[in-house]
Amino acid sequence: MVALSETLEKERMSHAVETSVNHKEFFGQYFTSYPIAKFMSSLFPATDKKIKLLDPGAGIGTLSCSFMERVLKEKWNIPEIHISAYDIDKDVYNTLDENIASSSSAFKKSDYEIFSEDFLEKTSFEYTWKINETYTHVIMNPPYKKILTNSKERQSARAFGLETVNLYSAFMGAAISLTEDNGYIVAIVPRSFCNGVYYKPFREFILKNCAIKHIHLFESRDKAFKDEAVLQENIIIMLQKNAEQGNVKISYCNDDSFIGLSEFDVPFNEILHENDSEKYFNIPTKQQIGNENLTVYSNLKDLNVKVSTGPIVDFRMKNLLLKDYAEKSVPLIYSVHLKNHRLSWPQESKKPNAILESDEVNKQLFPKGFYVLVKRFSTKEETKRVVASLITPADFAQENIAFENHLNVFHVNKSSLSENIAYGLVCWLNSTYIDEKFRLFSGHTQVNATDLRNLPYPNTKDLEKLGKQLKSEEKWNQNLFDKLSKVVTE
Ligand SMILES: C[S@@+](CC[C@H](N)C(=O)[O-])C[C@H]1O[C@@H](n2cnc3c(N)ncnc32)[C@H](O)[C@@H]1O
């Protein structure tokens with residue numbers, strides 16, 4: 001008899017090769033490898049009660065089949081198992097049906113249903129009319145696709161009380177709603193929901209309805225779906241419906257071989273920091289990082305500092321952009337103007353160096369002063385995600401400056417920071433400590449103003465001290481930023 005793993009891997013690989021990119025993108029269709037499916041199945045605690053398993057967006061059924069394989073191998077003494085698998089793509093129906101039929105036939109008592117229908121549409125209707133099925137277990141790798149405000153998917157998600165921006169979070173919201181109390185949901189999903197404004201309602205939905213039991217990280221961002229061009233960083237998360245929140249198990253490994261898997265437990269307040277109004281989910285990968293006393297830190301509000309996105313959106317003001325500074329214009333700062341944490345303006349590049357004054361532009365200007373700029377988009381090659389640079393009044397002869405939209409700007413009510421605070425922020429934001437803190441909650445290279453607001457900062461006195469020290473140093477490098485910042489973190 002051919003092993004299940006072999007059958008599923010063969011089918012997955014031929015799908016990966018034979019299916020067009022258009023088809024995959026349309027259905028958000030990237031199948032889970034057998035080793036990942038096996039790992040996901042291994043997370044559920046054993047039970048001796050009837051199992052009702054939901055697999056929404058089931059593909060060829062890898063997740064359900066590996067779950068059944070585990071139950072059989074470990075001889076769980078369950079009276080019965082029922083599987084509900086959904087997939088809207090009619091092309092996978094036969095394979096899905098065959099795989100689930102074959103796996104479930106090994107149980108003494110089992111039945112299954114395959115729904116070749118839209119999971120969100122069907123279940124949101126049933127949920128609204130309270131005629132929905134409920135489940136004890138959910139295993140899922142949902143489709144990933146942005147959903148627009150007025151789309152039917154958004155409306156379906158609303159039926160479950162969730163306002164969300166992507167199919168994967170809508171699927172998870174629906175699955176959580178269909179899970180019975182104390183039931184488990186194991187999902188492999190992009191990490192993007194852990195931070196950012198758009199996923200805040202989804203994080204709140206999870207916190208309201210579930211306990212977070214386990215989070216698994218892949219250390220390299222592209223390793224979970226290595227046979228497909230999927231560059232999203234993915235995590236595996238296990239939730240328990242309406243259960244008490246205790247410690248959270250964190251595990252991580254490099255790729256889907258799960259070789260060298262490390263795991264440890266962290267208290268929940270390391271995942272969700274107390275008083276974090278944005279409800280970011282932090283995922284520590286090193287045991288020591290969260291162990292310091294966070295109360296010694298301030299936030300930007302305490303420092304009376306603000307951070308905003310650079311207000312000049314250049315493509316909306318094309319006719320005002322100038323290659324070189326001229327009369328009646330102001331310096332316009334882009335990322336290309338930041339070199340070695342300082343300003344290097346003007347630059348010979350494709351980007352403009354100035355923008356003509358106009359009523360619209362004048363409203364967006366900052367007076368000459370001390371500012372700290374952090375690029376919103378770092379490249380994948382850059383070793384650090386948070387890269388901060390200093391602007392000083394001596395950098396320009398002009399009275400005003402304009403900041404382009406790909407930058408985050410630290411300021412005090414749209415005017416200058418104090419000199420020491422500006423230097424202090426440059427040192428602090430460039431420290432390895434901050435880079436590690438950032439990576440706790442973000443898997444992408446994008447750095448938004450909300451993310452920067454959510455980082456810890458030293459108190460005013462310590463930050464000014466850092467600033468004075470950095471100012472007295474001529475050569476800035478990573479060692480210096482780390483050496484000076486250590487005084488605060490230790
Ligand atoms: C990321 S794939 C994962 C497949 C499978 N769970 C696995 O892990 O290999 C997501 C699946 O969801 C299906 N899908 C997309 N939109 C759907 C919808 N609205 N309802 C049901 N299935 C959907 C796609 O056809 C695709 O097979």
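**Figure 1. W476 is a buried residue, with a relative accessible area of 13%.** The model shown in this and every other view is predicted. Y423 appears in the view too, and its relative accessible area is 9%. Residues under 20% are called buried, so Y423 belongs in that group. We will come back to these two residues in Figure 3.

**Figure 2. F39 and F258 form a stacked aromatic pair.** A search through the whole structure turns up 25 aromatic pairs. In the pair shown here, the ring centres of F39 and F258 are 4.4 Å apart and the planes meet at 20°, so the pair counts as stacked. Where do the two partners sit? F39 is part of helix α3 (residues 34-42), while F258 is in the loop between β8 (248-253) and β9 (262-266), so the pair ties together parts that are 219 residues apart in sequence. F39 is buried, with a relative accessible area of 12%, and F258 is buried as well, at 15%.

**Figure 3. Y423 and W476 form an edge-to-face aromatic pair.** Their ring centres are 6.1 Å apart, and the angle between the planes is 85°. Planes over 60 degrees apart count as edge-to-face, which means that this pair fits the label. The pair links distant parts of the chain: Y423 belongs to helix α13 (residues 419-429), and W476 to the loop between α16 (460-471) and α17 (478-489), 53 residues apart.

**Figure 4. Six aromatic residues come together in one cluster, and two lysines lie over rings elsewhere.** The members of the cluster are Y144, Y168, F193, Y199, F202 and F281. Look next for K145, which lies over the face of F26, at 4.7 Å from the ring centre. K414 lies over the face of F366, and here the figure is 5.3 Å from the ring centre.

**Figure 5. F125, W129 and I131 make a nonpolar patch on the surface.** Together, these three residues have about 390 Å² of accessible area. Is W129 buried or exposed? W129 is exposed, with a relative accessible area of 59%. You can find W129 in the loop between α6 (119-128) and β4 (135-140).

**Figure 6. R70 is a buried residue in helix α4 (residues 62-73).** Its relative accessible area is 15%. Which residues is R70 in contact with, once neighbours within four places in sequence are left aside? They are S41, S42, L43, F44, A46 and W76.

**Figure 7. S378 is a buried residue in a loop between two strands.** The loop runs between β17 (371-375) and β18 (388-391), and the relative accessible area of S378 is 8%. Not counting residues up to four places away in sequence, S378 touches K384, R385 and T445. S335 is also worth finding: S378 and S335 are 43 residues apart in sequence, and their C-alpha atoms are 9.6 Å apart in space.

**Figure 8. N408 is buried in strand β20 (residues 407-411).** How much relative accessible area does N408 have? The value is 0%, and that is under 20%, so N408 is called buried. Leaving out residues up to four places away in sequence, its contacts include V307, S308 and T309, the run V372, L373, V374, K375 and R376, and also V447, N448, A449 and L452. F107 is another matter: N408 and F107 are 301 residues apart in sequence and 58 Å apart in space, C-alpha to C-alpha.

Methods
Residues numbered from 1 in each chain as written. Predicted model: local features only at pLDDT ≥ 70, side-chain atom pairs only at ≥ 80, totals over all residues. Heavy atoms only, no water. Phe/Tyr/Trp six-rings, centres within 6.5 Å; stacked < 30°, edge-to-face > 60°. Helix = DSSP H or I, 4+ residues; strand = E, 2+ residues; numbered from the N terminus. Buried < 20%, exposed > 50% of the residue type's maximum accessible area, 1.4 Å probe, protein only. Lys NZ or Arg CZ within 6 Å of the ring centre and 35° of its normal. Patch = residues over 30% accessible without salt bridge, like charges linked within 9 Å, V, L, I, M, F, W, Y side chains within 5 Å. Areas by Shrake-Rupley, 256 points an atom, 1.4 Å probe, with all protein chains shown as cover. Salt bridge = Lys/Arg side-chain N within 4 Å of Asp/Glu carboxyl O. Contact = heavy atoms within 4.5 Å.
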